[in-house]
Every structure is written in structure tokens, then in C-alpha cells.
Amino acid sequence: MHPRHHRLAYTGIACGVLLIIGLIALNFPVFLDAYDQWGFQIKCGTGYVSDLAQAADSVGQHNYVDKCETALLLRRLRAIPLVTISGMIVLAVTVASAVASARESLVPHRDTA
């Protein structure tokens with residue numbers, strides 16, 4: 001096996017792991033460092049879906065809806081580029097591996113002995 005194939009495989013595995021980490025990071029809930037009137041930490045939703053109902057119900061001096069939107073934006077700004085870049089690299093590695101595999105299978109194997 002050519003050393004280039006090993007690098008492609010290692011790159012694909014590493015980016016696949018980063019892709020999974022990014023998708024899991026988007027799935028974790030986002031909380032504020034504040035609590036509602038019942039003592040529960042204010043949950044803003046996940047990186048996939050916003051849930052601002054608890055923040056809107058927590059009326060007080062602070063505008064928790066804006067803080068939730070900011071916290072969700074920060075989560076998405078960190079995770080979405082990771083998912084996008086690693087997904088594109090996994091796709092490129094998959095295509096490069098398929099092309100290299102097809103090229104090798106088209107070359108006839110001859111015995112020179």
C-alpha cells in the first residue's frame with residue numbers, strides 16, 4: 001500500500017472524529033449562569049433548536065432572551081465551522097480514496113518474473 005493511502009486514511013479518520021465531536025457539541029444544551037424564580041438554571045436550547053420559553057418567563061432586571069441568543073450564537077459559531085470543514089475534508093478524502101482505488105484496480109497486475 002502506498003504511503004499516501006495511509007495519510008488519506010488517517011486524515012479521514014481524524015476529520016470523521018472531529019465531525020462527530022462537532023455534531024455532539026451542537027446537541028448539548030446551552031445554559032445561562034442565571035437561575036429562574038424556581039431555582040432552575042435557565043436553559044436556552046441546543047445548537048440545533050432555540051428554546052427561549054424559560055428565558056422569556058424569567059422576568060427580572062436582566063434580559064435573559066438576549067443572553068440566551070448570544071450564548072446560542074457562540075455555540076453555533078464554534079461548532080458549525082468545525083462540522084463544515086471536517087465534513088468537507090471527509091468528503092474529499094472519500095472521493096480521493098475512491099479515485100485511487102478505482103485507478104489501482106484498472107492497472108493489470110503482471111508478473112515480471
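The exercises below concern a predicted model of a single chain.

**Exercise 1. The order of elements**

Determine how many helices and strands the chain has, and in which order they run.

*Solution.* The count gives 3 helices and 2 strands. Read from the N terminus, these elements follow the order α-β-β-α-α.

**Exercise 2. Burial and surface of the chain**

State what share of the residues is buried and what part of the accessible surface belongs to carbon and sulfur atoms.

*Solution.* The chain has 113 residues, and 24% of them are buried. Its accessible surface amounts to about 8,200 Å², with 65% belonging to carbon and sulfur atoms.

**Exercise 3. The surroundings of D36**

Locate D36, and establish which residues its side chain reaches or D36 touches.

*Solution.* First, the position: D36 lies in the loop that links β1 (29-35) to β2 (41-46). Second, the charge: D36 is buried but has no salt bridge, and K43, the nearest side chain of opposite charge, is 12 Å away. A salt bridge would require the charged atoms to be within 4 Å. Third, the polar partner: the backbone nitrogen of F40 is reached by the D36 side chain at 2.8 Å. Finally, leaving aside residues up to four places away in sequence, D36 touches I42, Q54 and S58.

**Exercise 4. The exposure of H62**

Place H62 in the chain, and decide whether H62 is buried, partly exposed or exposed.

*Solution.* H62 belongs to the loop between α2 (53-57) and α3 (64-106). Its relative accessibility is 40%, so H62 counts as partly exposed; the limits for this class are 20% and 50%. Along the chain, H62 and A34 are 28 residues apart, while 9.6 Å separates their C-alpha atoms.

Conventions. Residues numbered from 1 in each chain as written. Predicted model: local features only at pLDDT ≥ 70, side-chain atom pairs only at ≥ 80, totals over all residues. Heavy atoms only, no water. Helix = DSSP H or I, 4+ residues; strand = E, 2+ residues; numbered from the N terminus. Buried < 20%, exposed > 50% of the residue type's maximum accessible area, 1.4 Å probe, protein only. Areas by Shrake-Rupley, 256 points an atom, 1.4 Å probe, with all protein chains shown as cover. Lys, Arg positive; Asp, Glu negative; His and termini not counted. Polar contact = N/O pair within 3.5 Å; in protein donor to acceptor, adjacent residues only side chain to side chain. Contact = heavy atoms within 4.5 Å.
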